[in-house]
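Welcome, and please open your viewer. We will take a short tour, choosing one selection at a time and looking at what is there.

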Amino acid sequence: MIITSSVSPALRVGLRFLGMWPNDSYGTIYWLSFTLSMLIIQYFQYLYVFDHLKMSEFSNLVGSLTETLDYSLTLFKIISLWVHRRVFHKILADMDNDWRECININEHLYMMTIKANISHFISCALLSFNAIAGVLYTLGDVIHSVFLATHYNDTLRQLPLKIYLPFETQQSPTFEFLAATLILHVAIHSCVVAILNGLILTLTLHASGQIEIICHEIRNVSNNKSTLFRESSVPLFGMLIERHNKIIAFSKNIESLFSFIALMQIVWNTLVICCLGFVIILSITSKTGIFVFVKTISGYFAVMIEAFVFCFAGEYLSLKGELIANAIYETMWYDMPSGQSKIIIFILLRSQKRLTITAGKMMDMSFETFTNIMKASVSFISVLNAMY
């Protein structure tokens with residue numbers, strides 16, 4: 001089967017579930033249903049946090065903050081995505097146009113197919129990893145309290161999420177029903193996080209495929225000397241300029257869609273990684289059990305990958321954008337007729353402006369940003385450990 005879209009089937013289903021896919025009749029209902037469920041759980045999570053906001057329960061407070069902040073981040077993301085859904089629909093329309101343009105050119109189709117295969121694989125891998133990590137995280141306390149307790153007692157049982165409910169939850173079958181519901185919701189929440197991560201990587205890979213196509217065309221123009229020095233080649237340079245403008249516009253739309261999300265990602269992930277790191281230290285020193293340790297480690301890596309994905313997307317897009325300037329510079333622009341060399345110089349000058357994803361227009365998402373997130377998290381962990 002020939003791939004004709006950068007968006008994988010799994011990612012498309014996930015976007016439909018979030019109500020983000022264009023022309024979906026029930027999109028608003030899907031989005032409202034999931035957002036409402038997130039808000040309800042957030043309410044009871046913050047009730048739990050405020051109820052345990054005391055130094056005598058410091059370790060429990062940090063553990064509950066981890067889950068609460070992670071849910072809050074996802075809530076901000078889906079709200080921001082919904083607000084910018086017109087930009088997202090424009091991006092999808094541009095992607096469809098790009099595929100229609102390259103479908104009849106074998107070299108272009110080959111390059112786009114490679115990028116599409118990579119994005120499909122990454123989307124499925126992220127969904128699988130996040131679903132497993134979410135289930136492991138929720139089952140950690142449940143298995144520890146139910147199966148490893150020395151004396152079975154209903155009061156020892158813990159729900160998968162730290163929430164405060166205004167009714168009795170320990171008696172059967174109420175506890176089992178709540179536990180199953182929360183495990184399912186956490187698994188869905190983890191998949192939603194993977195969908196958003198897979199989306200930004202898919203869009204970035206699609207943009208990189210278009211950049212490779214324009215670099216390929218520039219090299220073809222440079223290598224074909226019989227065409228290079230003819231005045232009839234001017235329309236060909238015009239086509240390159242048009243493609244370059246499309247790439248710039250596409251990158252700006254990605255930036256508009258994910259700028260606020262990236263800003264929230266930096267702030268929230270720094271706090272969540274800090275809390276998870278502190279809980280890992282507590283689980284090692286207090287010997288709480290292998291299940292709690294595995295739970296925390298799986299959550300730690302899931303959140304760290306979430307931060308890394310956004311930083312990687314920004315770094316990758318910037319590096320790919322530099323390829324256009326390099327390809328232009330490697331042409332024999334200095335031997336071209338003056339009219340053509342001026343066109344080349346304009347493309348070269350425009351290529352000097354980086355294609356990037358910023359966090360709230362304040363900083364670029366890059367490997368340096370990811371390093372700063374990890375450094376800040378480690379610093380906060382040392383402060384929390386000293387306070388404890």
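Is Y43 buried or exposed? Select Y43 and show its side chain: Y43 is exposed, because its relative accessible area is 51% and the cut-off for exposed is over 50%. Keep in mind along the way that you are looking at a predicted model.

**Stop 1: the whole chain**

Zoom out and colour by secondary structure. The protein chain has 11 helices and two strands. Following the chain from the N terminus, you pass α-α-α-α-α-α-α-α-α-α, then β-β, and end with α. Now switch on a surface: the exposed area is about 18300 Å², and 66% of it comes from carbon and sulfur atoms. Of the 388 residues in the protein chain, 53% are buried. Contacts also reach far along the sequence: among those between residues at least 6 apart, 79% join residues at least 24 apart.

**Stop 2: the largest cavity**

The structure holds three cavities of 30 Å³ or more, and the largest contains about 270 Å³ of space. To find the largest cavity, select D70, Y137, H189, S190 and G299, the residues nearest its centre among the 20 that line it. Next, colour the helices α3 (58–83), α5 (106–147), α6 (174–223), α8 (234–285) and α9 (290–329), since these are the elements that each give two or more residues to this lining. Which of them provides the largest share? Pick α9, which supplies five residues. If you colour the lining by class, you should count 10 nonpolar, seven polar and three charged residues.

**Stop 3: aromatic pairs**

Now show the aromatic side chains. There are 13 aromatic pairs in the whole structure. A pair of aromatic rings is described by the distance of the centres and the angle of the planes.

Start with Y26 and Y30, a tilted pair with ring centres 6.4 Å apart and planes at 45°. Y30 counts as partly exposed because its relative accessibility is 36%, which lies between the 20% and 50% cut-offs.

Then return to Y43 and add F44. These two rings form an edge-to-face pair, at 5.2 Å centre to centre and 70° between the planes.

**Stop 4: a ring cluster**

For the last selection, choose F308, F312, Y316, F367 and F370. Ring pairs link these residues into a cluster. Leave the five side chains on display and rotate the view to follow the links from ring to ring.

How values were computed
Residues are numbered from 1 along each chain as its sequence is written. This is a predicted model: local features need pLDDT of at least 70, side-chain atom pairs count only at pLDDT 80 or more; totals for chains, interfaces and linings use all residues. Side-chain values use heavy atoms; hydrogens and water are left out. Helices (H or I, at least four residues) and strands (E, at least two) are DSSP runs, numbered from the N terminus. Buried means under 20% relative accessible area, exposed over 50%, partly exposed in between (1.4 Å probe, protein chains only). Contact means heavy atoms within 4.5 Å. Accessible areas come from the Shrake-Rupley method with a 1.4 Å probe; for residues, only the protein chains shown count as cover. On a 1 Å grid over the protein atoms alone, a cavity is a set of points where a 1.4 Å probe fits but cannot get out, and a pocket is an open set with protein on both sides within 12 Å along at least five of seven lines; lining residues have an atom within 4 Å of a point. Grid points are joined across faces, edges and corners, and a volume is the space filled by probe spheres set on the points. Ala, Val, Leu, Ile, Met, Phe, Trp, Tyr, Cys and Pro count as nonpolar, Asp, Glu, Lys and Arg as charged, and the others, Gly among them, as polar. Rings of Phe, Tyr and Trp (its six-membered ring) pair if their centres lie within 6.5 Å; planes under 30 degrees apart count as stacked, over 60 as edge-to-face and the rest as tilted.
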